[in-house]
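Please read the explanation below with the sequence and the coordinates open beside it. The text goes from a few charged side chains to the strands and helices around them.

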Amino acid sequence: MKKLIMAILLIMATASAAHAAFDKYTIDRSNLPQAAQDMLQEYFPKAKVSMIKIDKHLLKKTDYDVKLVNGTKIEFNNAGKWTSVDCKTREVPQGLIMKPIRNYLKKNFNDEKVVKIEKKSWGYELELSDGVELKFNLLGQFKSMSMDD
């Protein structure tokens, strides 16, 4: 029984060490793919980076988590394309929201601002400043709405 427990502990320690070895932290934007650097330059030109986490997975591709000094969190895939932009209470840059979605928001939620946007395989998920969550398909057509409790 002691051997089994020791073996399990050894496996857990090895897995934990292996996981940590694949993460890298930096504040240097040049460690990001060019597309991610371009996006940051275009939409957050004056924002200072507080942390970049380069997450190298064993069986998946690398992804990048960027945290700005103002609290904004941006996630990028291995190609440097953004997958999530969470501005907390600030407004997500309009250029990141496709035109059909912007039009829908202007017509139906003109007084609210988008504070978070996520690209999913099926479309987009947005969170508004009042806690409303909206889902749109890949063409920007409205699909559903839910309220934050």
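Is K116 buried, partly exposed or exposed? The model is a predicted one, and in it K116 has a relative accessible area of 22%, so K116 is partly exposed. The cut-off for a buried residue is under 20%. E118 has a relative accessibility of 18% and therefore counts as buried. K120, at 31%, counts as partly exposed.

These three residues are connected through their side chains. E118 and K116 form a salt bridge in which the closest N and O atoms are 3.6 Å apart. A salt bridge also brings together the side chains of K120 and E118, with 3.3 Å from N to O. Because the salt bridges share partners, K116, E118 and K120 belong to one network.

In total, the structure has four salt bridges. Another of them is formed by D23 and K53, whose closest N and O atoms lie 4.0 Å apart. This pair links distant parts of the chain: D23 belongs to strand β1 (residues 23-26) and K53 to strand β2, with the two positions 30 residues apart in the numbering. D23 and K53 are both buried.

The strands that carry these residues belong to a sheet. It is an open sheet of nine strands, ordered β1-β2-β3-β4-β5-β6-β7-β8-β9, and the pairing is antiparallel. At the edges stand β1 and β9 (142-147); each has a single partner strand, so one side of each has no neighbour in the sheet. On average, and with direction ignored, neighbouring strands of this sheet are turned by 15° against each other.

Strand β3 shows how the pairing works in detail. Strand β2 (residues 49-55) runs antiparallel to β3 and is joined to it by six bridges. In this pairing, I52 stands opposite V66 of β3. With strand β4 (residues 73-76), β3 pairs over four bridges, again in the antiparallel sense. Here D65 has E75 of β4 as its bridge partner, and K67 has K73 of β4. The hairpin of β3 and β4 has four residues between the strands, and G71 takes a positive phi near 100° in it.

The two faces of β3 (residues 63-68) differ in what lies over them. Y64, V66 and L68 make up the covered face, while D63, D65 and K67 make up the uncovered one. V66, the residue opposite I52, is thus named on the covered face, and D65 and K67 are named on the uncovered face.

Which strands does helix α2 lie across? The helix lies across β3, β4 and β5, and runs at about 150° to β4. In α2 (residues 34-43), the buried residues are A36, M39 and L40. They cover an arc of only 95° around the axis, and therefore they are on the same side of α2. Among the elements that cover these buried residues are β3, β4 and β5 (82-86). Q34, Q41 and E42, on the other side of α2, are exposed.

A second helix on the sheet is α3 (residues 99-108). This helix touches β6 (114-119), β7 (123-128), β8 and β9, and its direction makes about 35° with that of β7.

Strand β8 (residues 132-137) contains one more residue to look at, N137. N137 has a relative accessibility of 14% and so counts as buried. What does the side chain of N137 reach? It comes to 2.9 Å from the backbone nitrogen of L139. Leaving aside residues up to four places away in sequence, N137 touches W122, G123, Y124 and K143.

Terms used:
Residues numbered from 1 in each chain as written. Predicted model: local features only at pLDDT ≥ 70, side-chain atom pairs only at ≥ 80, totals over all residues. Heavy atoms only, no water. Buried < 20%, exposed > 50% of the residue type's maximum accessible area, 1.4 Å probe, protein only. Pairing = 2+ DSSP bridges. Polar contact = N/O pair within 3.5 Å; in protein donor to acceptor, adjacent residues only side chain to side chain. Contact = heavy atoms within 4.5 Å. Arc of directions from axis to C-beta. Axes fitted to C-alpha atoms, helices over the stretch in contact; angles between N-to-C directions.
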